[in-house]
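Here's a quick walk through this model, starting with how its chains meet and ending at the DNA. Have a look at it first.

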There are 2 protein chains.
Amino acid sequence: MAYATIRDVAQQAGVSVSTVSRALNDSGRISERTRARINQVIKELHYVPDSRARSMHSPHSRTIGLLIPDIRNSYFADLAYLIQGELLAHGFQTLICTSTQGDSHESRIQVRNLLGQHIDGAIIVPGPRSQETLDELTRRGLPVVYVDRTSGDRRQVDGRPVPSIDSDPLPGLRDAFKDLVKHGHSRITMVPGPLEESGTFREREEVFDDLLNQMDDLQDPTRDVACTRNDTPSKEGAFNPELLRQWRNQGVSAVIFGRSQDAIQVIKACQAIGIGIGRDLSIVTFDDLPVFRILTPAIATISQQIDSMGTRCVRMLLNLMAGSQTDSVRLKTKYLHRASVGQPPGQAGQYP
Amino acid sequence: MAYATIRDVAQQAGVSVSTVSRALNDSGRISERTRARINQVIKELHYVPDSRARSMHSPHSRTIGLLIPDIRNSYFADLAYLIQGELLAHGFQTLICTSTQGDSHESRIQVRNLLGQHIDGAIIVPGPRSQETLDELTRRGLPVVYVDRTSGDRRQVDGRPVPSIDSDPLPGLRDAFKDLVKHGHSRITMVPGPLEESGTFREREEVFDDLLNQMDDLQDPTRDVACTRNDTPSKEGAFNPELLRQWRNQGVSAVIFGRSQDAIQVIKACQAIGIGIGRDLSIVTFDDLPVFRILTPAIATISQQIDSMGTRCVRMLLNLMAGSQTDSVRLKTKYLHRASVGQPPGQAGQYP
DNA sequence: ATGAAAGCGCTAACAT
DNA sequence: ATGTTAGCGCTTTCAT
């Protein structure tokens, strides 16, 4: 139960604590003999240096905080996995904090905990909590990197913006659009995701709107769609079972989802009431989760380069901690066509 | 960048450090006036007490280590989520450590890190690493609970066994068996999962074998299956694409998976080569992941009560930390029939 | 009710 | 090459 201390080791080895400390850190000169003796004792006593006491001297705790909305989402789980691995490779520990999306009380506690640990930096997926609590972190000039989402134009105490790494929805969204049009869809709508939660969802919606407008001159029918969207009862931007009926009434034949959870909801709902995905309704969603590949039909996705997101954000943070200026990064999204995109109903046989 | 210290607060408030400390801990008597003044200064300075320095006095760090094999597995992600939430509710921080399953070097580092943090206890999903590294934790008499799997009959330094909470495969497996037989299957096999990784998989296999033997008197055909299994080239127990051909040759019409990953592999493989699940091949798998509900056909599962597993293991650990004897717990598994279980090919129309 | 002083486990000057 | 001494930020006697 009782942890052995450096003093126990010193005593047992018949040397002073500082000698043991030196042996621990390879600092200063030590005779091979005493070093061997000390290591011997360390083994015997199963001594492990107390990293807390250790970190009180250096300004570094070699611990990075990772704040993610919900680890149960496989997208974030992947991200966490990658980040923890990368950090470990650089000798840092990761303190993963997941908080229930909405619960600002809980997230406040989490942030407090992080701060209390005197973390060296933080990697954050900004959620709705951001504005309220994140200042607590950035205020002190703690190196922080935003991942997957940006969060307005938050600035650190020194006036520098918090660098972020996220993905540019345009390339993927554009190609998704093209693919849908190619398949004959003219009434396309979007379920962006909870708009109030992150600017990411808002941006996806805006880009979608822009694309619609650009198509305007070429594809008259899509015009209607823009109107369609305003009638949407889910102002929040998340999916809502009511939407299915509405789409049917308005002749919407394709939907793009800004958030995988919503897509999954729709897939379930469609299965329940017998709407054939890829036939009655074509869908595309952001985030290329493993699930989407094994569903029948497979779901077309707009993939974010999650691997490089994970590794690069760590690099960015380490850069920041080293004091160098670090710019925000946008990764390209990539559209992956799959069978969930088919022709609109009533056009069967028209197109290969 | 610089964190405010208790001294800064004391100075600013014009009191001594000990007074501030008292205000922080609600210990001792303090006049309302100074307390208010101190809290005021704390706010102004954004002071957060250093939990490391704090925990050096009490023998408690109020931090629990959580060791899980792979956070990307939604089953473990769920578990981690539940556990972290429950611990937070009890005022504990969770240090989540995920390590690549096989990498014993990495897991050793992780364990070192945990130990260095002077964690108050640990919740562990024992993996292959167990035997080698877990002793490091239990040896000191650190309160440890095993979750989801047991790990041989490891004992702590005081001779007490490490309590574990896992699930009894029998109820679910028995019902799965019944259901398969009811649907007319007589050649059933199992892919238990990586046997060397955990006794859990071995147990599932053994229970499966027992069930086969029990059926022996009643159902002659299942006898063949027992033989089938021994020919299996994957001694490790994990799925292997070769198996599909083999099953076809041997007339295996139903497979039970001890591990969801293997089931997912098979589903993919079947899709690729056009084997119809629930028609050509019936499958059942452990772990009722969300994926299995939305696949078509939906996959029959043997569900573990993950929610109570998550909350109860925390209770067990807290109990242990409080010094009380704690027994191991086995939760019941439950079979959930879904469309992935149909009749064997060639018997269509025979059974409703 | 508050302050002074000792000490938690460790590191980092200073000695020697 | 090793020991002594002072802290790191905090809690906790023991005084006052």
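## Two copies and a DNA strand

The copies meet through the same surface, because 100% of the interface residues of chain A are also interface residues in chain B. Keep in mind that this is a predicted model: local features need pLDDT of at least 70, side-chain atom pairs count only at pLDDT 80 or more, and totals for chains, interfaces and linings use all residues. Residues are numbered from 1 along each chain as its sequence is written, chains are lettered from A and ligands numbered from 1 in the order in which they are written, and side-chain values use heavy atoms, with hydrogens and water left out.

Turn chain A by 180 degrees, with a shift of 0.0 Å along the axis, and it lies on chain B with an RMSD of 0.1 Å (least squares on the C-alpha atoms of residues with pLDDT of at least 70 in both). That's the relation of a two-fold axis.

Now the DNA. Around DNA strand C sit 24 residues (near means a heavy atom within 4 Å), and the closest include Ile6(A) and His57(B). Sugar and phosphate make up 61% of the strand C atoms that come within 4 Å of the protein. Here are some polar contacts (pairs of N or O atoms within 3.5 Å; within protein, one must be able to donate a hydrogen and the other to accept it, and residues adjacent in sequence count only if both atoms are side-chain atoms):

| Residue and atom | Distance to a phosphate oxygen of DNA strand C |
|---|---|
| Ile6(A), backbone N or O | 2.2 Å |
| Arg54(A), polar side-chain atom | 2.6 Å |
| Ser31(B), polar backbone atom | 2.9 Å |

Note on methods. Contact = heavy atoms within 4.5 Å.
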